[in-house]
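Me: I should be grateful for a close look at one part of this structure, set within its wider surroundings. Please explain the reasoning behind each description of burial or exposure.

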Protein chains: 2
Amino acid sequence: MTNVLASQTVLLYDRLRAAILSLDLAPGERLTERGLEASFDASRTPVRAALGRLDAEGLVQRVGRGWIVSPIDLAEIGALAELREAVEGAAVRLAVQRATDAQIAAVAALLEAAGPGDLAGDAEQGVRAGGDFHEQLARLSGNPAMVDTVRGALTRLARTRWLEVRTPAARAQAWQEHRAVLDALDARDADTAAQLLTGHIRGTNDRLLTALAADTRRLRGHGLAILPDTPPTAPR
Amino acid sequence: MTNVLASQTVLLYDRLRAAILSLDLAPGERLTERGLEASFDASRTPVRAALGRLDAEGLVQRVGRGWIVSPIDLAEIGALAELREAVEGAAVRLAVQRATDAQIAAVAALLEAAGPGDLAGDAEQGVRAGGDFHEQLARLSGNPAMVDTVRGALTRLARTRWLEVRTPAARAQAWQEHRAVLDALDARDADTAAQLLTGHIRGTNDRLLTALAADTRRLRGHGLAILPDTPPTAPR
DNA sequence: GTGTCCGATTTGGTATACCACGGCGGTGTA
DNA sequence: TACACCGCCGTGGTATACCAAATCGGACAC
């Protein structure tokens with residue numbers, strides 16, 4: 001109970017979140033408060049607080065009286081991609097109007113620092129770099145609500161996005177497309193920037209779904225719960 | 001400890017939420033866990049759980065170690081309106097593609113049931129009817145992520161939206177604009193539907209901001225905390 | 001009169017005991 | 001053998017005691 005710098009709750013939340021995102025806790029896995037209490041060496045109070053936050057983020061869910069790690073849901077992935085297209089597309093249009101050249105340059109510098117993608121790092125790093133880029137880009141809109149929405153969607157997608165950037169070629173493509181969006185933004189070309197960005201999101205999602213479909217059997221073999229794709233045609 | 005039908009936590013959450021949305025708990029008001037425990041006759045555990053959920057919804061915030069009811073923030077209102085334009089505009093375009101005639105008719109029936117707006121009810125009822133309409137409309141997209149985003153934005157806006165529908169004329173205008181969107185949707189005219197909807201959202205927001213600016217002094221007199229509008233870099 | 005220091009009080013953070021409910025298994029009976 | 005009942009055990013839900021930190025007040029010294 002030393003409470004060194006941050007509260008137990010925050011630390012526990014971070015650790016649980018990391019365990020879920022790294023798939024150490026498998027999608028669909030049942031969680032018990034007392035089990036987590038033992039695994040993470042904390043009492044139930046912070047465990048419950050962390051679960052509550054993760055529930056709000058969509059990373060865990062209630063099932064009956066209990067908890068599970070949110071399964072990977074192909075329908076949800078598609079829905080989140082559509083949401084991202086709408087929000088990020090609008091955000092980049094706002095950025096064309098509002099972002100200063102210096103702000104755009106800062107994001108470009110960030111992108112350059114990450115390298116052309118095929119040089120640096122692994123898939124996990126690619127996911128983080130991509131997520132950072134999209135969040136920074138959204139931030140240029142000056143609209144915090146949009147940033148939050150984008151970040152939330154990226155979080156819920158984080159467990160699967162690495163599938164799409166496994167190969168250096170895929171990371172290089174993503175990097176190029178990010179670069180093209182920034183160029184259009186820098187040229188204050190809203191239509192091109194928005195179209196490039198939404199096309200990038202859509203293409204990424206398509207490749208992700210393809211990879212997921214191909215890997216579903218293998219992933220299930222690893223204990224991952226993958227929900228079938230019930231296409232978004234029917235409301236409710 | 002009777003636990004009649006729903007858990008203490010859920011009931012407490014509902015009551016706290018209602019108190020905030022009805023302005024019984026004023027924006028900016030400081031909340032203490034032990035004070036709420038006493039006011040709502042529950043123990044701190046469900047109080048903390050409810051505060052956590054409300055925090056995730058943006059209805060309360062942490063300030064230092066404590067809690068406050070989220071102040072009314074003009075910048076946030078504008079940002080949420082922009083977010084709604086992006087998401088609802090995209091949603092209605094998806095609805096044009098995906099919603100069945102029967103589903104559209106169901107929403108239209110709901111709208112008709114609410115009446116032309118100037119007949120039925122007060123401002124509070126107008127807010128609820130409007131919120132329901134926008135949520136149902138988003139649901140026609142078949143995209144739950146968009147529905148959640150819209151609902152979240154409407155929730156965070158709920159405390160101020162009544163200002164915009166105080167007069168029967170304003171409610172009638174909103175009803176007409178809703179009706180026009182549905183007509184365009186029914187005609188499968190995506191561009192018109194989206195333009196009408198985003199225009200409606202923008203117009204509503206403009207009138208809301210006008211009303212808020214006019215009433216700020218009076219509202220502050222009632223103890224409401226209104227944050228100044230630090231515009232997101234450039235007006236529309 | 002003013003500034004500083006110290007302590008009491010109040011706060012959120014945490015640990016834990018207790019409760020009711022529900023599922024599972026064993027046992028007894030038909 | 002099959003089925004029904006009953007009780008144990010594990011679950012999340014709740015209440016509460018205790019802790020550390022922050023704040024506020026007063027008293028004292030200058």
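Reply: A residue counts as buried under 20% relative accessible area, as exposed over 50%, and as partly exposed in between. This is a predicted model, and the cut-offs are applied here to Arg207(B), the part chosen for the close look. Arg207(B) has a relative accessible area of 30%, and it is therefore partly exposed. The residue belongs to helix 9 of chain B. Apart from residues up to four places away in sequence, Arg207(B) touches Glu164(B), Gln173(B) and Glu177(B). Arg161(B) stands 46 residues from Arg207(B) in sequence, and the two C-alpha atoms are 9.9 Å apart in space.

Two further residues may be set beside this one. Thr155(B) is placed in helix 7 of chain B. With a relative accessible area of 9%, Thr155(B) is buried, because the limit for that class is under 20%. Its contacts, leaving aside neighbours within four places in sequence, are with Arg17(B), Leu21(B), Glu57(B) and Leu59(B). In the other chain, Glu135(A) is found in helix 6, which covers residues 123-139 of chain A. The relative accessibility of Glu135(A) is 13%, so this residue also counts as buried. When neighbours within four places in sequence are left out, Glu135(A) is in contact with Val147(A), Arg151(A) and Leu154(A).

Helix 9, the element that holds Arg207(B), also has a part in the second largest pocket. That pocket has a volume of about 1,000 Å³. It is lined by 40 residues, and those closest to its centre are Glu85(A), Ala86(A), Ala86(B), Ala90(B) and Arg93(B). Two or more lining residues come from each of helix 4 (74-98) and helix 9 (190-221) in chain A, and from helix 4 (74-98) and helix 9 (190-221) in chain B. The most is given by helix 4 of chain A, with 13 residues. Sorted by class, the lining has 17 nonpolar, ten polar and 13 charged residues.

The helices numbered 4 and 9 appear again in the largest nonpolar core. This core has 46 residues, and Met146(A) and Met146(B) have the most contacts inside it. Helix 4, helix 7 (144-161) and helix 9 of chain A each give two or more residues to the core, as do helix 4, helix 7 (144-161) and helix 9 of chain B. In soluble globular proteins, nonpolar side chains tend to be buried together. Met146(A) touches residues of both chains: Val87(A), Ala90(A), Ala91(A), Leu94(A) and Ser141(A), together with Glu82(B), Leu83(B) and Ala86(B), not counting residues up to four places away in sequence.

The relation between the two chains can be stated next. A turn of 180 degrees, with a shift of 0.0 Å along the axis, lays chain A on chain B with an RMSD of 0.0 Å. This is therefore the relation of a two-fold axis. The same surface serves both copies, since 86% of the contact residues of chain A recur in chain B.

Finally, the fold of one chain gives the setting. Chain A has nine helices and five strands. Its elements run, from the N terminus on, as α-β-α-α-β-β-β-α-α-α-α-α-α-β. Of its 236 residues, 47% count as buried. Among contacts in chain A between residues at least 6 apart in sequence, 77% join residues at least 24 apart.

Key:
Residues numbered from 1 in each chain as written. Chains lettered and ligands numbered in written order. Predicted model: local features only at pLDDT ≥ 70, side-chain atom pairs only at ≥ 80, totals over all residues. Heavy atoms only, no water. 1 Å grid on protein atoms, 1.4 Å probe; cavity = no way out; pocket = protein on both sides within 12 Å on 5 of 7 lines; lining within 4 Å. Points joined across faces, edges and corners; volume = space filled by probe spheres on them. Helix = DSSP H or I, 4+ residues; strand = E, 2+ residues; numbered from the N terminus. Nonpolar A, V, L, I, M, F, W, Y, C, P; charged D, E, K, R; others polar. Core = buried A, V, L, I, M, F, W, Y, C linked by side-chain atoms within 4.5 Å. Buried < 20%, exposed > 50% of the residue type's maximum accessible area, 1.4 Å probe, protein only. Contact = heavy atoms within 4.5 Å. Least-squares fit on C-alpha atoms with pLDDT ≥ 70 in both.
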